[in-house]
Amino acid sequence: MKRPTENDVLGEFLISARSLTEYRAIFELTDADLRGRILDCPGGAASFVAEAAELGAHVLAADPVYANPPAELRELARTETERGSAYAGSHHERYRWDFYGDPDRLQAIRLTAATRFGDDLLANPGHYIAAQLPVLPFPDNTFDLALSSHLLFTYADRLDADFHLAALLELARVTTGETRLYPLVDHSGQPQDDLIARLRKEVHDKGIPTELRPTHYEFHRGATEMLVLRPNRR
């Protein structure tokens, strides 16, 4: 029998369920950030939309998985959470466990988020838009802030530089303020410095300033920065 490769075990794209607490840490979100119009792309099975809305934020999540029937997606959120937690546990040495404690606690947090997501999906289906980068169905400048985690750079082995550039430009197009992206390593924890440098130059040449900003969240070892696109100067 052919031994599964690491990509076979991980799967093509993992649907993750993260909480507002995790989003705050990952993106260094302040209370002021949560008062505006926010895009979460890809949103996956995160409870961010539901939790941030309770604080007064106006959040939309975009992800192609939202084309699935809600009942199917709610179950998928749980099974994917279990799969992702198992993957992290089996590659324990790649991660820092300070934030979560251990794999069991990670899974508990993510399952709670997945359940909250499923409930909100039924209650507020209009907050979840079936769409995917690099083409989004929103007018220019729809949002004050865009957040994007665990797609770009994470899957650099299967999404090429042209896709990354198109996705960055699209996120900048629909956002009047900042776009924040994390992590800047791939799913195995390998830094993507060359790709990031190339993309920063290309978007800078199109009038979009960027910076690498520290984040206090670190799960993949060495993933301590996010890429920030600032408003277009043109």
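**Pockets and a covered strand**

In this predicted model, the lining of the second largest pocket splits into 7 nonpolar, 2 polar and 3 charged residues. The volume here comes out at about 160 Å³. Helix 7 (residues 193-205) hands over the largest share of that lining, with 4 residues. The full set of lining residues runs through Leu184, Val185, Pro191, Asp193, Ile196, Ala197, Arg200, Leu212, Gly222, Ala223, Thr224 and Glu225.

The largest pocket, for its part, has a volume of about 410 Å³. Its wall is made up of 24 residues, and those lying nearest the centre are Phe13, Pro42, Asp63, Pro64 and Leu151. Sorted by class, the lining of the largest pocket holds 16 nonpolar, 6 polar and 2 charged residues.

Back at the second largest pocket, Glu225 is one of the lining residues, and strand 7 covers residues 225-229. That strand is mostly tucked away, with 4 of its 5 residues buried. Strand 7 also has two pairing partners to look at. With strand 6 (residues 210-214), strand 7 runs antiparallel, and 5 bridges join the two. With strand 5 (residues 175-182), the pairing of strand 7 is again antiparallel, this time over 3 bridges. Val228 in strand 7 turns up in both pairings: Glu211 stands opposite Val228, and so does Arg180. Strand 6 has a link to the pocket as well, since Leu212 appears in the lining of the second largest pocket and strand 6 spans residues 210-214.

Methods
Residues are numbered from 1 along each chain as its sequence is written. This is a predicted model: local features need pLDDT of at least 70, side-chain atom pairs count only at pLDDT 80 or more; totals for chains, interfaces and linings use all residues. Side-chain values use heavy atoms; hydrogens and water are left out. On a 1 Å grid over the protein atoms alone, a cavity is a set of points where a 1.4 Å probe fits but cannot get out, and a pocket is an open set with protein on both sides within 12 Å along at least five of seven lines; lining residues have an atom within 4 Å of a point. Grid points are joined across faces, edges and corners, and a volume is the space filled by probe spheres set on the points. Ala, Val, Leu, Ile, Met, Phe, Trp, Tyr, Cys and Pro count as nonpolar, Asp, Glu, Lys and Arg as charged, and the others, Gly among them, as polar. Buried means under 20% relative accessible area, exposed over 50%, partly exposed in between (1.4 Å probe, protein chains only). Two strands pair if DSSP finds at least two bridges between them.
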